[in-house]
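Me: I would like a close look at a single helix and at what surrounds it. Please explain each term when it first comes up.

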Amino acid sequence: MPKRKELKARGRRALKRHYAMFLLLCLVPVILGGELTVFGNLTGDGQTQLSTPSDLANAFVAFTVDLALGQEAQREEAIRRTEEDYVAASQVDREAILGRSDGVLAMLVNKVSSGAYLVTLTMGIRSLVGNDSAVVVILLLLAMALVLLVEIFVVGVYRTILARMFLEGRCYETLPAHRVWFLMRVKRWCRVGVTQLVVNLFSALWGLTIVGGVIKYYSYYLVPFLMAENPDLGTLEAITLSRRLMDGHKWECFLLELSFLGWYLLGILTAGILNSLYTVPYMTAVQTEYYVELRRLGKERQVENSARLNDRYLFQKAEPEELCRRYGDVEQAKAQSAAEMLTPLKGIHKFLAENFGLTIHRSRELENLEAAQSRAAQLDYDSQALAGLVYPTRLSPIPEKRKRKWIGNLNYLRYYSVWSLVLMFFSLSFVGWLWEVSLHLLTDGVFVNRGVLHGPWLPIYGCGSVLILLVLDRFRKRPGLEFLATILLCGCVEYFTSLGLEWMHGGTRWWDYTGYFLNLNGRICAEGLLVFGVAGMVVVYVLAPLLDGALRKLPAKAMTAAALVLLGIFMVDQVYSSITPNTGAGITDYETSAAVMKELPR
C-alpha cells in the first residue's frame with residue numbers, strides 16, 4: 001500500500017489536470033450539503049432563513065406537524081407576513097437588482113422562501129378530501145416520498161456520479177461534461193440510488209450505538225466507488241464487498257482523512273472559500289486514489305466478488321491495438337467525413353458560411369456539406385477514444401445506450417439562406433407577438449396589441465433569433481456555451497433596444513422589469529433572460545431547422561416574393577409607427593393598467 005504522501009501526489013496530479021471540472025463537480029455536493037445556501041426554510045418561529053434544498057423537505061414535515069397539533073393558523077399567518085415583508089422590502093428600493101415584488105420568478109422565489117407553497121398544497125388537498133386528519137396523513141406521506149425521492153435520485157446518485165467522474169479523470173486527459181449521465185446511459189440510475197439509500201439506513205441504525213456508527217462509516221466507505229465502477233452490483237453485494245475491501249484498513253482510512261485537518265482549519269480562516277475551491281476536490285481526488293489501491297489489493301487477495309470489479313479501462317488505457325480493433329471504423333468514417341467536408345465555396349460565400357452559417361443561395365453541394373458536418377459531430381467522442389484521450393465506452397463491460405440525439409436528427413449544423421432568414425425573422429416575430437399577447441390576455445384578461453409597431457409582430461424576437469443563428473454559429477456544437485452566449489446576446493439586444501426606444505420617444509418605455517427578481521435598471525431581468533436562453537436553444541436546435549426545412553420545399557421565386565412583400569409591409573409599419581407609435585394601457589402605461597385590473601371584479 002503506497003504511503004499517504006504518494007496517494008496525495010497522485011491526487012494533486014489528477015486535480016491539476018482537471019481542476020475546472022473537478023471544482024464544478026464538487027460544488028454541487030457543497031450546495032446540497034449546506035455550505036452554500038440557496039433556498040428559504042421555515043424555522044420554529046415561523047420566520048425564514050436561508051438553507052439548503054434538503055431543508056424544504058424538513059419544512060414540509062414541520063408544517064404537517066403544526067397542522068396535526070392545530071397550529072395551522074399561526075403558521076399560515078407567519079407565512080403571509082413573510083411574503084408581505086419580501087414585497088414591502090422590494091418596493092422600498094424599486095431599482096434593486098433582487099426585486100421581489102413583480103414577475104413570475106419573484107413570486108416563485110417568495111413562495112418557496114416563505115413556505116407559502118405548503119399552504120396552497122394543504123388547501124388543495126383539503127378541498128379534495130374535506131377532512132383535516134386525512135390531510136395530515138396525505139402530507140406526511142408526501143413528505144416521506146419527497147425525502148426518499150431527493151435521497152434516491154439526487155443525493156445518493158450524485159455521490160456515485162462524482163466518484164465515476166474522478167475515476168475517469170485520473171486516467172484520461174479529457175473529461176467531457178456529458179459523462180455525468182453515464183448512469184442513464186447504462187440504465188442504472190434507480191439501482192444506484194436505492195443502494196445508497198439502504199447504506200444510509202444501515203448507517204443510521206448503527207449510529208444509534210455510536211461506536212458502531214463510526215465503524216460502519218468506514219465499512220461502507222467504498223460503496224459509491226464500487227457502484228461507479230460496476231452499477232450492476234446488487235445493494236447487499238456492494239455493501240458486503242465494501243466491508244471486505246475495508247477490512248484491516250479502517251484506521252488507515254481514518255488517518256488519511258485526519259491528514260486533511262490542516263487544510264480544513266485553513267478553510268475556516270478563509271470563511272470556507274479554500275475548502276470549496278481546493279480542499280474538497282483535492283481530498284476527493286485522494287480518496288479516489290485510495291479506492292484504486294484498495295481495489296488492487298482486494299483483487300490480489302482474491303476477495304470474494306472482487307472479480308465483479310471488471311472495468312479494466314477505467315484504471316488503465318487500452319492498448320492501441322485494442323482501440324483500433326473496436327474503433328477501426330472511426331478512422332474510415334473520419335476520413336470520409338473530412339473528404340465530404342471540403343467546402344465548395346470560395347471568396348465572400350466561404351467567409352459568410354464559415355463564420356456566420358449564412359449562404360447567398362442554396363446548392364446540392366452545400367446540402368451535402370451540411371450532412372457531412374452533422375456526421376462529423378457524432379464522431380468527435382469516438383475519435384478521442386481512439387486516441388486514448390477519453391474513456392472508451394465501446395470497451396465498457398456494461399454496454400452504454402448510444403442513440404443519436406433528437407437535435408442531431410434535425411441537423412442544426414446547417415447554412416441558412418438570406419431569404420430563409422428573412423421569413424424566419426417574420427415567423428418568429430409573430431410567435432413572439434402571439435406569446436406576449438396571449439400572456440397578457442391570460443394574466444390581465446384584456447387583449448393588448450403588444451409592441452412598438454401596429455402589425456402582429458415583435459421584431460425583438462425575430463431579430464434576436466436571427467442574431468443567435470448568425471453571431472453564435474460557431475457555438476452550435478457546444479450547447480452549454482450556446483446557452484450562455486444566447487443569454488448574453490439577448491440581454492444586450494433587449495437592454496440597448498429599451499435604451500434606444502426610450503431615447504427616441506422621449507422617455508416612453510414599452511417594457512419595465514422594475515421590481516422583478518434580478519433586474520438591471522428595469523430593462524432586463526433574470527426571468528426574461530432565462531426565457532430567452534431556453535427559447536434561443538429551441539430556436540437553434542428545433543424551430544430554425546424545422547422552419548428552414550419547410551421553407552426549402554418552397555420554390556425559390558415564391559420564397560423571394562413572400563419575403564419582399566413582408567419587408568414592404570414591415571417598412572410601412574415602421575414609418576407609420578415612428579410618427580404614431582403603439583402606446584396605451586398594458587403597452588407603455590403599466591400603472592393605469594394595474595389600477596384597472598384591481599378594479600375589475602374577481
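Reply: What follows looks at helix α15 (273-300) and then moves outward to other parts of the chain.

This is a predicted model, in which local features need pLDDT of at least 70 and side-chain atom pairs count only at pLDDT 80 or more, while totals for chains, interfaces and linings use all residues. Residues are numbered from 1 along each chain as its sequence is written, and side-chain values use heavy atoms, with hydrogens and water left out.

The setting comes before the helix. The chain has 26 helices and six strands; both are DSSP runs numbered from the N terminus, with at least four residues (H or I) for a helix and at least two (E) for a strand. Of its 602 residues, 45% are buried. Buried means under 20% relative accessible area, exposed means over 50%, and partly exposed lies in between (1.4 Å probe, protein chains only).

Now the helix itself. Threonine 284 sits in helix α15, and it counts as buried because its relative accessibility is 11%. Its side chain makes a polar contact with the backbone oxygen of valine 280 at 2.8 Å. A polar contact is a pair of N or O atoms within 3.5 Å; within protein, one must be able to donate a hydrogen and the other to accept it, and residues adjacent in sequence count only if both atoms are side-chain atoms. Setting aside neighbours within four places in sequence, threonine 284 is in contact with Cys26, Leu162 and Phe166, where contact means heavy atoms within 4.5 Å.

Further along the helix there is a charged pair. Glutamate 293 and arginine 10 join through their side chains in a salt bridge of 2.7 Å, N to O. Glutamate 293 belongs to helix α15 and arginine 10 to helix α1 (residues 4-17), so the pair links distant parts of the chain, 283 residues apart. A salt bridge is a side-chain nitrogen of Lys or Arg within 4 Å of a carboxyl oxygen of Asp or Glu. Side chains of opposite charge can pair when their charged atoms come close. Glutamate 293 is buried, because its relative accessible area is 5%. The pair is part of a wider arrangement: Glu6, Arg10, Arg13, Glu293, Arg296 and Glu300 are linked in a network of salt bridges. The structure holds 21 salt bridges.

After helix α15 comes a loop that leads to α16 (320-326), and glutamine 302 lies in this loop. Glutamine 302 has a positive phi of about 55° although it is not a glycine. It counts as exposed, because its relative accessibility is 68%. Another residue of the loop, glutamate 304, forms a salt bridge with arginine 244 (3.2 Å, N to O). Arginine 244 lies in helix α12 (residues 235-246) and glutamate 304 in the loop between α15 and α16, so the pair ties together parts that are 60 residues apart in sequence. Arginine 244 is partly exposed, because its relative accessibility is 31%.

The interior comes next. A nonpolar core is a set of buried Ala, Val, Leu, Ile, Met, Phe, Trp, Tyr and Cys residues joined through side-chain atoms within 4.5 Å. The largest one has 66 residues, and Leu167, Leu222, Leu226 and Tyr291 have the most contacts inside it. A second, separate core has 41 residues, including Val437 and Leu453. Beyond four places in sequence, leucine 226 is in contact with Leu233, Ala238, Leu241, Ser242, Leu245, Tyr291 and Leu309. Valine 223 is found in helix α11 (residues 223-229) and is buried, because its relative accessible area is 1%. Among the residues that valine 223 touches are Thr195, Ala238 and Ile239. Valine 223 and isoleucine 239 are 16 residues apart in sequence, and their C-alpha atoms are 6.2 Å apart in space.

The last stop is the surface. Trp251, Phe254, Leu258, Leu261, Leu265 and Ile268 make a nonpolar surface patch of about 630 Å². The elements that give two or more residues to it are α13 (250-258) and α14 (261-269). Patches are made of residues with over 30% relative accessible area and no salt bridge, with like charges joined within 9 Å and nonpolar side chains (Val, Leu, Ile, Met, Phe, Trp, Tyr) within 5 Å. Accessible areas come from the Shrake-Rupley method with a 1.4 Å probe, and for residues only the protein chains shown count as cover. Leucine 265 lies in helix α14 and is partly exposed, because its relative accessible area is 47%.
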